[in-house]
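Colleague: Please pick a single part of this model and take a close look at it. Then set that part against its chain and the partner chain.

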Amino acid sequence: MAEIELKTAPADFCFPSANQTRHCFTRYIEYHKCLKAKGEDAADCQKFARYYRSLCPLEWIEKWNEQKESGTFPAPL
Amino acid sequence: MIEVFLEWRFLTIAPCDAAEPWQLGSQDAATPIMQGIIDLHHDIFFFLILIFVFVSRMLVRALWHFHEQKNPIPQRIVHGTTIEIIRTIFPSIIPMFIAIPSFALLYSMDEVVVDPAITIKAIGHQWYRSYEYSDYNSSDEQSLTFDSYTIPEDDPELGQSRLLEVDNRVVVPAKTHLRMIVTPADVPHSWAVPSSGVKCDAVPGRSNQTSILVQREGVYYGQCSEIRGTNHAFTIVVEAVPLKDYGSRVSNQFILQTN
């Protein structure tokens, strides 16, 4: 098995404590704002995508994706 | 001959990473945090013993000398400025000696020394755990996820601990900073592994992070620490493997799970 490079979402000092709920939410919003600004296929936005996928439980991501599609997402995207 | 004896003697001493029957002390530390907790416990225990011996000496002495024939006249001293000052200042210095290592440990537990190398999410369900290793997803759907059920009482193989083993362990690389994100899917749970010094509550709607650096390879057992209903005894087993084996172990685990 080839050596895999281990990297993940870095520690963000805006969210220094144990509660990372907001950190995960912020990364999700950042990704979608980046997509809106740079277009759907921008490679730069993939960094944010990796961060939110590392931090957020799948259940939350699925729920937010559904909300986004139905227009009920609770934050401006 | 002496080497054989020593080898036999020391091979029987294995690190305590799971609860032992009638265990009094902590499990052996596998992370710097747990080692810090154990050291703090020793620091506090020293002062505890000092105070205990001093107070019990005074109590026993008072009881011993309370005798109508031998000591008919009690002392009539009610004031004494010097002793009052000493007995106020001295006990307030002792908590300072306790507080220094205590706060040092508390704040060092929160310090971000280096960015974590891996994030593992532990999702609590009633009554099993699922773990997500999502650092390498290229889309929202595909993710390395597996469930971890406690092996029921009737099923364990020879040598397995009752109600402590699970079917799929959390495989982590040793000597690597990792971030655990703990959250539940339904009701509050708590992800606890005593030998790693971790106890992180899982509260619905909130995602808590805790930072672990497992210093030695091994298998560490823990239990959910927030009782949530019948048949609740479900457990957490963390297996720390060398970094070079980590990649293959995790992909094997995923293959086994999907099959």
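Modeller: I will start from B:F146, which is found in strand β3 of chain B; helices (H or I, at least four residues) and strands (E, at least two) are DSSP runs, numbered from the N terminus. This is a predicted model, where local features need pLDDT of at least 70, side-chain atom pairs count only at pLDDT 80 or more, and totals for chains, interfaces and linings use all residues; side-chain values use heavy atoms, with hydrogens and water left out. Residues are numbered from 1 along each chain as its sequence is written, while chains are lettered from A and ligands numbered from 1 in the order in which they are written.

B:F146 counts as buried because its relative accessibility is 2%; buried means under 20% relative accessible area, exposed over 50%, and partly exposed in between, with a 1.4 Å probe and protein chains only. From B:F146 to B:Q253 the C-alpha distance is 8.2 Å, although the two are 107 residues apart in sequence. Chain B as a whole has many such links: of its contacts between residues at least 6 apart in sequence, 62% join residues at least 24 apart, where contact means heavy atoms within 4.5 Å.

The chain around this strand holds 4 helices and 10 strands. Along the sequence chain B runs α-α-α-β-β-β-β-β-β-β-β-β-β-α. Of its 259 residues, 35% are buried. The exposed area of chain B is about 16,400 Å², with 63% of it from carbon and sulfur atoms; accessible areas come from the Shrake-Rupley method with a 1.4 Å probe, and for residues only the protein chains shown count as cover.

An unreviewed UniProt entry annotates residues 44–64 and 85–107 of chain B as "transmembrane region"; positions are given in the numbering used here, feature names are shortened, and annotations may be inferred rather than shown by experiment. In the model, residues 44–64 of chain B are 100% helix and 0% strand, with end C-alpha atoms 30 Å apart. Residues 85–107 of chain B are likewise 100% helix and 0% strand, and their end C-alpha atoms lie 33 Å apart.

Strand β3 (144–148) of chain B also helps cover a helix of the partner chain. The buried residues of α3(A) are covered by elements that include α1 and α2 (46–55) of chain A, along with β2 (128–133), β3 and β5 (177–184) of chain B. Those buried residues are A:L58, A:W60, A:I61, A:W64, A:N65 and A:Q67. Helix α3 of chain A (residues 58–70) has 13 residues and reaches 18 Å from first to last C-alpha, close to the 18 Å expected at 1.5 Å a residue; the expected span is 1.5 Å times one less than the number of residues. After α3(A) comes A:G71, with a positive phi near 80 degrees.

Helix α1 of chain A (residues 21–38) holds A:H32. A:H32 is buried, at a relative accessible area of 11%. Leaving aside residues up to four places away in sequence, A:H32 touches A:K68 and A:L77.

The contact between the chains takes 35 residues from chain B and 29 residues from chain A. Together chain B and chain A bury about 2,600 Å², 53% of it from carbon and sulfur atoms; buried area is the accessible area (1.4 Å probe) that two parts lose on being put together, summed over both. On the chain B side, B:D140, B:S207 and B:Q209 lose the most area to chain A, together 21% of what that side buries. The interface has 0 salt bridges, a salt bridge being a side-chain nitrogen of Lys or Arg within 4 Å of a carboxyl oxygen of Asp or Glu.

Over all chains the count is 10 salt bridges. In chain A, the side chains of A:R27 and A:D12 pair at 3.7 Å, N to O. A:R27 lies in helix α1 of chain A and A:D12 in the segment before α1, so the pair ties together parts that are 15 residues apart in sequence. Both A:R27 and A:D12 are buried.

In chain B, B:R169 forms a salt bridge with B:E165, with 3.5 Å between the closest N and O atoms. Salt bridges that share partners join B:E165, B:R169, B:E239 and B:R249 into one network. Within this network, B:E165 is buried at 5% relative accessibility, whereas B:R169 is partly exposed at 24%.
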